[in-house]
Amino acid sequence: MAATVYFTREITPEKVVELYHKLGVDLPGKVAVKVHSGEKGNQNFIRPAFWKPMLDEVNGTFVENNTAYGDAAGGVRDHTEGHLALLEYHGWTKYLPVDLMDAESPDIVWDIPNGKVLKTNTLGKNILNYDSMLVLAHFKGHPMGGFGGALKQLSIGCASAAGKALIHSGGNTTDNIGCWGKGHAEQDTFCEAMADAASTVVKHFGENIAYINVMKNLSVDCDCCEVAEDPCMADIGILASTDPVAIDQACLDLIYAAKDDPGQAHFIERVETRHGVHTIEAAAELGFGTREYELVEV
């Protein structure tokens, strides 16, 4: 059965809220809002003032986890002290309640009985404090995954630092140094590991989860890059759905449809050389979403 994906070309905080209400969902209890906080030096991440009306609408808490960069990869979000300082510098704590979910040990481990690659997923324990989740993704390229959207937020985004290492290594290590270089998984294995990890978050929250992707600042690089390329494509719009697979597929389809955009070829090259669509394929095969959708323009 096809999923419904709502779409608007107008990119404003008010339109984010409007599309959320189009979904007809009422996220109960304490709401975790997964947003990318942006690496130090990154110019493309979506600022907290843009997201604030949506978080206020659901009375949500902005949630993040530490990264797994390793010693020489740059960035400051791989340790709690540096990450918290950057959250304050970027203005998140000024506008919003913030929870760094893996700031304190121990992590939690969820089984993945039907995983393609991973048998377990490791997450910051504070995810257990929430009754529902709203995934607010800045859709853009990514140097390793090809693109980043809802599925990346569910997988890499919700994993603790150790969990990120587990995904990047294809299940071989939770060490944030050992998961890089020769320790990194083969590309399709990495994509499948992301899908595996994402499945556990969807299963945990059940019907109490929704997704919004904002297609602006369309760089081939992620918000996790300290030095990122400037956007190569024009802004496209906002999408909302209750299906994480459908919303990411719809975003990719809009990229491929933007034939008049001079930066399209560069963006597509990034997606295709990293086999980015394979994350979507693997997620659909795992059964927690569909690639078939109806795009409803608002």
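# Chatting through the helices and loops

Reader: Hi! Is the crossing of α7 and α10 left-handed or right-handed?
Author: α7 passes α10 in a right-handed crossing. A crossing is right-handed if the near helix is turned clockwise from the far one by less than a right angle, and left-handed if anticlockwise. This is a predicted model, in which local features need pLDDT of at least 70, side-chain atom pairs count only at pLDDT 80 or more, and totals for chains, interfaces and linings use all residues. Residues are numbered from 1 along each chain as its sequence is written, and side-chain values use heavy atoms, leaving out hydrogens and water.

Reader: Thanks! What's the angle between α7 and α10?
Author: Helix α7 (residues 187-205) and helix α10 (residues 277-286) pack at about 45°, and their axes are 8 Å apart. Axes are lines fitted to C-alpha atoms, for helices over the stretch in contact, and the angles run from 0 to 180 degrees between N-to-C directions. Names like α7 come from DSSP runs numbered from the N terminus: helices are H or I with at least four residues, and strands are E with at least two.

Reader: So what do you call α7 and α10 relative to each other?
Author: They are oblique to each other. Under 35 degrees counts as roughly parallel, over 145 as roughly antiparallel, 65 to 115 as roughly perpendicular, and the rest as oblique.

Reader: Which residues meet there, between α7 and α10?
Author: From α7 there are D188, C191, E192, M194, A195, D196 and S199, and from α10 there are H278, T279, A282, A283 and L286. By class, that contact has six nonpolar, three polar and three charged residues. Ala, Val, Leu, Ile, Met, Phe, Trp, Tyr, Cys and Pro count as nonpolar, Asp, Glu, Lys and Arg as charged, and the others, Gly among them, as polar. Contact here means heavy atoms within 4.5 Å.

Reader: While we're in α10, is I280 buried or exposed?
Author: I280 is in helix α10, and at 0% relative accessibility it counts as buried. Buried means under 20% relative accessible area, exposed over 50%, and partly exposed in between (1.4 Å probe, protein chains only).

Reader: What does I280 touch?
Author: Leaving aside neighbours within four places in sequence, I280 is in contact with F147, L151, V245, D248, Q249, L252 and R291. I280 and L151 are 129 residues apart in sequence, yet 7.8 Å apart in space, C-alpha to C-alpha.

Reader: Cool. Moving on, where does H275 sit?
Author: H275 is in the loop between α9 and α10. Its phi is near 55°, a positive value in a residue other than glycine. At 36% relative accessibility, H275 counts as partly exposed.

Reader: Why point out a positive phi?
Author: Because most residues other than glycine have a negative phi, and most peptide bonds are trans.

Reader: Which peptide bond here is cis?
Author: One is the bond from S105 to P106, with omega near 0°. P106 is in the loop between β4 (98-100) and β5 (108-111).

Reader: Back to α9. Which side chain makes a polar contact with R270?
Author: The side chain of D221 does, at 2.9 Å. A polar contact is a pair of N or O atoms within 3.5 Å; within protein, one must be able to donate a hydrogen and the other to accept it, and residues adjacent in sequence count only if both atoms are side-chain atoms. R270 lies in helix α9 (residues 264-273) and is buried, with a relative accessible area of 10%.

Reader: How many residues of α6 are buried?
Author: Eight of its eight residues, so helix α6 (residues 161-168) is mostly covered. Its buried residues pack against β6 and α7. After α6 comes G170, whose phi is positive, near 70°.

Reader: Last one! Which residues does I212 touch?
Author: Not counting residues up to four places away in sequence, I212 touches a list including V16, Y20, M54, L136, L239 and I247. I212 lies in strand β10 and counts as buried, at 0% relative accessibility. The C-alpha atoms of I212 and L239 are separated by 5.6 Å, although the two are 27 residues apart along the chain.
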